[in-house]
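Here is a short briefing to read with the model open beside you. Rotate it as you go, and take the topics in whatever order suits you.

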Amino acid sequence: MNLASQGERLRDLLVLQWPPVAVAFREAPPPGVQRIEMPGPAGCAYWRLAAEGRVFYTDASDHFGCTIGSHTHGVDLPEDKVQELEAIVATMVGLEYIRMEEVAALPRRAGPFGVAVYAPLGQAPFEPDVILVRGNAKQIMLVAEAARAIGIAHEGAAMGRPACAMVPASLQSGHGALSLACIGNRVYTGLGDGELYFTVPGPRIAELVEKLETILQANQALERFHQRRRAGSN
């Protein structure tokens, strides 16, 4: 099953409003892929553009708008942006939004940052490193169950702020990452109150889509069972 089929099948099985987004980190952009026309306010804003059907790449400077996101994605910041990051972190700590020890523990992508490439999964002209699945609680439940069935279940508690940290978390662990997102991400992507994310390591997407069909059939059968059981207890 190729990426086009995987993207279409994943979206159809889950009845997703937004297509899954493929993300890859490369030394140079793939042939034929153009750079984003203008930098976004945050790296996660590029997720929304890709979900809308855009295929593009960003370089390091295109991520300077969000220094927290730059940090999680392994972007080296110029001195003025380092100072901005320190000021933002100090503000967040002062607001009791985050503790300083949490900042040091944030997942961070390793290695030099060349370019980041984004596309809807079904249109990706590259092999994705990470795939972002955006959906409601039931949709993400099904993805998480399929991930567990193939051995890439999310480990530990659901991730929260910052949402972009789930990308390096998935890259580092080789597992899925469940994220409740953060307020910045919800603003920049238009994420609804009932939506959240699950990231899938790119090399495992074919397995996940195949297993998802089994998980859906099992859930449908179990739903009928539980409905009959509930009806019989009334």
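Strands β5 and β6 are antiparallel partners, joined over three bridges, and within this pairing Ser179 sits across from Tyr197 of β6. The model is a predicted one, so please read every value below as computed from predicted coordinates. From β6 the tour moves to its other neighbour, then to the helix packed against these strands, the nonpolar cores, and a few backbone details.

**Strands β6, β4 and β1**

- On its other pairing, β6 runs antiparallel to β4, and seven bridges join the two strands.
- Tyr197 of β6 is the bridge partner of Arg134, and Val200 of β6 stands opposite Ile131.
- How many of the residues of β6 are buried? Seven of the seven are, so the strand is largely enclosed by the rest of the structure.
- The side chains of β6 alternate: Glu195, Tyr197, Thr199 and Pro201 point one way, while Leu196, Phe198 and Val200 point the other way, and all of them are buried.
- Strand β4 is also largely enclosed by the rest of the structure, because six of its seven residues are buried.
- β4 pairs with β1 as well, in the antiparallel sense and over three bridges; here Leu132 of β4 is the bridge partner of Val21.

**Helix α7 and its surroundings**

- Helix α7 covers residues 166–173, and its buried residues are Met166, Val167, Pro168, Ala169 and Ser170.
- What do these buried residues pack against? Their partners are the strands β1 (21–26), β4 (130–136), β5 (177–179) and β6 (195–201), together with the helices α2 (45–51) and α3 (67–72).
- Met166 is worth a closer look: leaving aside residues up to four places away in sequence, Met166 touches Trp47, Leu132, Met159, Ala177, Ser179, Tyr197 and Thr199.
- Two of the residues named for the strand pairings thus come back as contacts of Met166, namely Ser179 and Tyr197.
- After α7 comes Gly174, which has a positive phi near 70 degrees.

**Nonpolar cores**

- The largest nonpolar core contains 37 residues, and those with the most contacts inside it are Trp47, Tyr118, Leu132 and Met166.
- At least two residues of this core are supplied by each of β1, α2, α4 (79–94), β3 (115–120), β4 and α7.
- Which element gives this core its largest share? That is α2, with four residues.
- There is also a second, separate core of 33 residues, and Val33, Tyr57, Ala146 and Leu208 are included in it.

**Helix α3 and a glycine**

- Gly69 belongs to helix α3, one of the elements against which the buried residues of α7 pack.
- Is Gly69 buried or exposed? Its relative accessibility is 8%, so Gly69 counts as buried.
- Gly69 and Leu85 are 16 residues apart along the chain, and their C-alpha atoms are separated by 9.9 Å.

**Helix α8 and a surface patch**

- On the surface, Ile183, Val187 and Tyr188 make a nonpolar patch of about 310 Å².
- Tyr188 lies in helix α8, which spans residues 183–189.
- With a relative accessible area of 36%, Tyr188 is classed as partly exposed.

**Backbone details to check**

- Where is the cis peptide bond? It runs from Arg161 to Pro162, with omega near -15 degrees.
- Pro162 is located in the loop between α6 (137–149) and α7.
- Val15 is not a glycine, yet its phi is positive, at about 55 degrees.
- This Val15 is in the loop between α1 (3–14) and β1, and its relative accessible area of 65% makes it exposed.
- Ala181, another residue other than glycine, has a positive phi near 75 degrees.
- Ala181 sits in the loop between β5 and α8, and with a relative accessible area of 6% Ala181 is buried.

Note on methods
Residues numbered from 1 in each chain as written. Predicted model: local features only at pLDDT ≥ 70, side-chain atom pairs only at ≥ 80, totals over all residues. Heavy atoms only, no water. Buried < 20%, exposed > 50% of the residue type's maximum accessible area, 1.4 Å probe, protein only. Contact = heavy atoms within 4.5 Å. Pairing = 2+ DSSP bridges. Patch = residues over 30% accessible without salt bridge, like charges linked within 9 Å, V, L, I, M, F, W, Y side chains within 5 Å. Areas by Shrake-Rupley, 256 points an atom, 1.4 Å probe, with all protein chains shown as cover. Salt bridge = Lys/Arg side-chain N within 4 Å of Asp/Glu carboxyl O. Core = buried A, V, L, I, M, F, W, Y, C linked by side-chain atoms within 4.5 Å.
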